[in-house]
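Ready to walk through a protein model together? Have a look at the picture first, and then we'll take it one question at a time.

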Number of protein chains: 2
Amino acid sequence: MARAEPARAVTLSDVARLAGVSVATASKALNGRDQVKDSTRQRVVEAADQLSFSPNPLARGLLAGRTGTVGLLTSDLEGRFVIPILMGAEDAFGAGQVNVFLCDARGDTIREQYHLRALLSRRVDGLIVVGRQTDPRPSLGHDIPVPVVYAYAPSDDPADLSITPDNVSAGRLAVEHLVACGRTRIAHITGEHAYAAARDRAEGVQAALHAAGLELVGDVMYSEWSERWGRDAAAVLLTRHPEIDAVLCGSDQISRGALDTARDLGRTVPDDVAVMGFDNWEVLTTNARPELTSIDANLQQLGRTAAQRVFAALDGVDIGSGTEYVAGRLVIRGSTVARR
Amino acid sequence: MARAEPARAVTLSDVARLAGVSVATASKALNGRDQVKDSTRQRVVEAADQLSFSPNPLARGLLAGRTGTVGLLTSDLEGRFVIPILMGAEDAFGAGQVNVFLCDARGDTIREQYHLRALLSRRVDGLIVVGRQTDPRPSLGHDIPVPVVYAYAPSDDPADLSITPDNVSAGRLAVEHLVACGRTRIAHITGEHAYAAARDRAEGVQAALHAAGLELVGDVMYSEWSERWGRDAAAVLLTRHPEIDAVLCGSDQISRGALDTARDLGRTVPDDVAVMGFDNWEVLTTNARPELTSIDANLQQLGRTAAQRVFAALDGVDIGSGTEYVAGRLVIRGSTVARR
DNA sequence: AAACTCACCGAAAAGGTTTTCTGAACATAG
DNA sequence: CTATGTTCAGAAAACCTTTTCGGTGAGTTT
């Protein structure tokens, strides 16, 4: 049977009875308060061990007003950016004594409100709101009785605390790498212009090119975040501007498409033309021919940071407000640097 | 500030006071018990609305012995099979009044035990254990005071209830599709032999071929679950057995590799040779040239089913034991059927 | 010996809700 | 007018833990 016996849980009074003390004393003994003789404390601890007692967090939370739980409100579990953040946060909390309530609003505001209510009524001690894009999202407001940290998608209210990837510097990082590899005729294919991630990276790209005294070959090519677009855009670019020696792509998916096109056109990577992307999605990057250089957004770190901010707020620290940026990191593979 | 005012939560006695009744009456009124006059009930409901009262689930759970929470214990959040299951489960629970504690053991038994303890001490009402492979995993045992359902990875103890994809029938489904498309010289490239998923699918493949009076071209090629392996294996197969008219791959990743090789060798897909995979991982399938036919394992459905079983157990239904199989579904795209 | 300090323990309240049981008001039947 | 029943409201207990405060006994001081 998958269902075991109800077996009433062992309570503190069971422990107290076994140890021959009152519940008050038992509580104090187990919680390390003073006012308990050492020998008594030991008797209680032994009794608790013997019964494998674990205090009921409901009763404890009812009294303390703290539950040792936080809510993780995501707008889109499907999106692959949310998962690493979630892992980082879960990791950071799990190390403490905090457990995580997961709620997926599926991008629906109604559902988000519903979950928010549920979480608050469960008296979570804090809240992390994870969005699927780096575009600002509506704030949950300020009548929330617990600390809130926005991750990935920042809040549109500067009075909130948000933690988001630094896409501008990521774009810069990418160009600096290409320039360091000796590339000077660089083109940029990226995703939807509606995405701040695309625009921010492009901004960083332009800035770094400018700083290096270079100019982008052609315009920034915005369209969709897909391999297909990568193929099509690269085909246009490479035929119209055969002098291109590097294609910087807004995502690894686009990179994969560009790589395919380069191969179709008989261009060799990386000797003839370098290709690199963003996100460092390993399934795509490490299986490409050649493997893809990419900028990793350090999302797991971002999740951990968000969790730490919530922790700090729980300890009464003022965690401030505004947007905090997490830098990306360059992961070099064969698509920009020939294997030695 | 990210931290708002504590603003003591409104309690039932606030509502009762406003409505001019006792807490007992207020409770009964709000919970739809009888023994309350309609006019009184209405007064209470209005008062509750006005104060936007929501009952404290801690207090409620303390009394009822139920917390309205379940634990979701995963061994690997990173793996992409876990996420859809998690979504399905979260979805099913969220519709009820149940919230989900998420714990990621990262494939570590110690951490799993730790999280299990934490969840039990939080008095979760039920537990779903999600593994990353379809190979049986060690049972958590039977001294767990709440219902447990194993998802994806079944328990190695037949006394537990497990829900897992039906990979044998998925393999059969795939071959039946290829045969229906008129393919007769079919090869099978798949992932690690150590994975039950690979072996089960291969078993289904062989069974369906036999039923159709066909034989596999070459042996089942086991190795790793990667594009690279798909490329290499397809190269070997297609040169050694040029008569092959369909390559059935153990995953979409392998399919992508096979597809690349077919293109490199100048074979046209699907006219000359059909390619199909398993998992229906849309990022890979819909961006391939041509788009990839695949078998979807219905993982979200699997998650929902697991949640429903836990629900049933909570309602006192005996949910039985053993392993329940979830069928896959065929998703036809251009890699097996020429676009009209 | 009385007054005092000190170390330790336990009774009781608190936290918010649900449920059971008692009791009051009122209506109906005899 | 009494007996019986019905309907509804409230008091109190229960759930489990923590904390405050009062109390007991032993030891110490005057």
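## Questions about the two chains

Keep in mind that this is a predicted model.

Q: How many residues of chain A are in contact with chain B?
A: Contact here means heavy atoms within 4.5 Å. On the chain B side, 75 residues take part. Their partners on the other side come to 76 residues of chain A.

Q: About how much area do chain B and chain A bury between them?
A: Let's start with what kind of atoms are involved: carbon and sulfur atoms hold 48% of the buried area. The full amount that chain B and chain A bury between them is about 6,000 Å².

Q: How many salt bridges are there between chain B and chain A?
A: Over all chains, the structure holds 40 salt bridges. One that links the two chains pairs A:Glu227 with B:Arg256, with the closest N and O atoms 2.6 Å apart. The count between chain B and chain A is 16.

Q: Which residue of chain B forms a salt bridge with A:Asp260?
A: A:Asp260 sits in helix α10 of chain A, and the pair crosses between chains. The partner is in the loop between α11 (282–285) and β10 (293–296) of chain B. The closest N and O atoms are 3.7 Å apart, and since the cut-off is 4 Å, the pair counts as a salt bridge; the partner is B:Arg289.

Q: What is the omega of the peptide bond from B:Arg289 to B:Pro290?
A: Here's B:Arg289 again, now followed by B:Pro290, which is found in the loop between α11 and β10 of chain B. Most peptide bonds are trans. The bond from B:Arg289 to B:Pro290 is cis, with omega near -15°.

Q: Which residue is joined to A:Pro270 by a cis peptide bond?
A: To find the spot, go to the loop between α10 and β9 (274–278) of chain A, where A:Pro270 lies. The cis bond there has an omega of about 5°. The residue joined to A:Pro270 is A:Val269.

Q: Where in chain A does A:Arg123, with its positive phi, lie?
A: Most residues other than glycine have a negative phi. A:Arg123 has a phi near 60°, a positive value in a residue other than glycine. Its place is the loop between α6 (109–121) and β3 (126–130) of chain A.

Q: What is the phi of B:Gln35?
A: Look in the loop between α2 (23–30) and α3 (38–51) of chain B to find B:Gln35. B:Gln35 is not a glycine, yet its phi is positive, at about 70°.

Q: How much space lies in the largest cavity?
A: The structure has 6 cavities of 30 Å³ or more. Residues from both chains line the largest one, including A:Phe101, A:Arg122, B:Phe101 and B:Arg122. The lining divides into 6 nonpolar, 4 polar and 2 charged residues. The space inside the largest cavity is about 170 Å³.

Q: Which helix gives the most to the lining of the second largest cavity?
A: This cavity holds about 80 Å³ of space. Its lining includes A:Arg256, A:Asp260, B:Arg231 and B:Asp260, and the lining residues divide into 2 nonpolar, 1 polar and 6 charged. With 4 residues, the helix that gives the most is α10 (residues 252–264) of chain A.

Q: How far apart are the centres of domain 2 of chain A and domain 3 of chain A?
A: Chain A is divided into domain 1 (12–55), domain 2 (69–165 + 299–327) and domain 3 (167–296). The contact between domains 2 and 3 takes 7 residues from domain 2 and 10 residues from domain 3. Taken over C-alpha atoms, their centres are separated by 31 Å.

Q: Which residue meets A:Asp279 in a salt bridge?
A: Domain 2 and domain 3 of chain A bury about 730 Å² between them. In domain 2, A:Arg80, A:Thr134 and A:Asp135 lose the most area to domain 3, together 57% of what that side buries. The two domains have 2 salt bridges between them. At 3.1 Å from N to O, the side chain that meets A:Asp279 belongs to A:Arg80.

Key
Residues are numbered from 1 along each chain as its sequence is written. Chains are lettered from A and ligands numbered from 1 in the order in which they are written. Side-chain values use heavy atoms; hydrogens and water are left out. On a 1 Å grid over the protein atoms alone, a cavity is a set of points where a 1.4 Å probe fits but cannot get out, and a pocket is an open set with protein on both sides within 12 Å along at least five of seven lines; lining residues have an atom within 4 Å of a point. Grid points are joined across faces, edges and corners, and a volume is the space filled by probe spheres set on the points. Ala, Val, Leu, Ile, Met, Phe, Trp, Tyr, Cys and Pro count as nonpolar, Asp, Glu, Lys and Arg as charged, and the others, Gly among them, as polar. Helices (H or I, at least four residues) and strands (E, at least two) are DSSP runs, numbered from the N terminus. Domain bounds come from an automatic or database domain assignment. Buried area is the accessible area (1.4 Å probe) that two parts lose on being put together, summed over both.
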